[in-house]
Amino acid sequence: EPVYSIDFNPKQNMIAVTNGEHINLRNLQGQLIRKPIAQHSGPVLGVSISPDGQSIATASADNLAKLWNLTGQQQAELKGHSKPVHSVRFSPDGQTV
């Protein structure tokens with residue numbers, strides 16, 4: 001299974017990994033700790049965990065970036081890109097994507 005992007009949050013001891021289809025949240029031993037996240041109409045190319053560990057941002061070939069809570073509910077959709085979004089990151093304070 002391919003890995004497109006990975007992010008680590010040391011405060012939550014959580015790793016987010018995208019294989020292009022969805023986001024898996026894992027603990028440091030590699031065990032799945034949450035159900036897979038992300039509903040995009042194209043491959044998920046990037047992932048970022050917020051500094052507080054409460055939100056996930058995804059970047060996709062469907063020209064969108066999205067924000068999710070840890071239960072997999074979409075919180076926001078960042079539109080306006082005319083081409084695929086390849087990566088996404090939170091600012092250090094978690095206030096900006």
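1. In which sense do strand 1 and strand 2 pair, and over how many bridges? This is a predicted model, and in it the two strands run antiparallel, with five bridges between them. One of the contacts to look at is Phe8, whose bridge partner in strand 2 is Ile15.

2. Staying with that part of the chain, the sheet is an open one made of three strands, ordered 1-2-3, with antiparallel pairing. Strand 1 and strand 3 (23-27) are the edge strands; each has a single partner strand, so one side of each has no neighbour in the sheet. From one strand to the next, the twist averages 20°.

3. Have a look at the loop between strand 1 (5-9) and strand 2 (14-18), which is where Asn13 sits. Its phi is near 50°, a positive value in a residue other than glycine. That is worth a second glance, because most residues other than glycine have a negative phi. As for its surroundings, Asn13 has a relative accessible area of 40%, so it counts as partly exposed.

4. The other sheet is also open: four strands in the order 4-5-6-7, paired antiparallel. Here strand 4 (44-49) and strand 7 (74-78) take the edge positions, and since each has a single partner strand, one side of each is left without a neighbour in the sheet. The twist in this sheet averages 20° from one strand to the next.

5. Going through this sheet pair by pair, strand 4 and strand 5 (residues 55-60) are antiparallel and share five bridges. In that pairing, Ile49 is found opposite Ile56 of strand 5. Strand 5 and strand 6 also run antiparallel, joined by five bridges, and Thr58 faces Lys66 across them. Then come strand 6 and strand 7, antiparallel again and joined by four bridges; in this pairing Ala65 stands opposite Leu78 in strand 7.

6. Now the turns. The hairpin of strand 5 and strand 6 has four residues between the strands, and Asn63 there takes a positive phi near 75°. Asn63 is a residue other than glycine, so it belongs on the checklist for the reason that most such residues have a negative phi. With a relative accessible area of 22%, Asn63 is partly exposed; the cut-off for buried is under 20%. The hairpin of strand 6 and strand 7 likewise has four residues between the strands. There the positive phi, near 95°, belongs to Gly72.

7. Is strand 6 enclosed or open to the outside? Five of its five residues are buried, so the strand is largely enclosed by the rest of the structure. Its side chains go both ways: Ala65, Leu67 and Asn69 point to one side, Lys66 and Trp68 to the other, and all of them are buried.

8. The lysine in that list deserves its own point. Lys66 counts as buried because its relative accessibility is 7%. Which side chain does Lys66 meet in a salt bridge? The partner is Glu77, at 3.7 Å from N to O. The contact links distant parts of the chain, with Glu77 in strand 7 and Lys66 in strand 6 (residues 65-69), eleven residues apart. Glu77 itself is partly exposed, at 31% relative accessibility.

9. How many salt bridges does a search of the whole structure find? It finds two. Besides the contact with Lys66, Glu77 meets the side chain of Lys79 in a salt bridge at 3.5 Å, N to O. Lys79 has a relative accessible area of 62% and is therefore exposed. Through shared partners, the salt bridges join Lys66, Glu77 and Lys79 into one network. Reading along that network, then, you go from buried Lys66 via partly exposed Glu77 to exposed Lys79.

Definitions and conventions:
Residues are numbered from 1 along each chain as its sequence is written. This is a predicted model: local features need pLDDT of at least 70, side-chain atom pairs count only at pLDDT 80 or more; totals for chains, interfaces and linings use all residues. Side-chain values use heavy atoms; hydrogens and water are left out. Two strands pair if DSSP finds at least two bridges between them. Axes are lines fitted to C-alpha atoms, for helices over the stretch in contact, and angles run from 0 to 180 degrees between N-to-C directions. A salt bridge is a side-chain nitrogen of Lys or Arg within 4 Å of a carboxyl oxygen of Asp or Glu. Buried means under 20% relative accessible area, exposed over 50%, partly exposed in between (1.4 Å probe, protein chains only).
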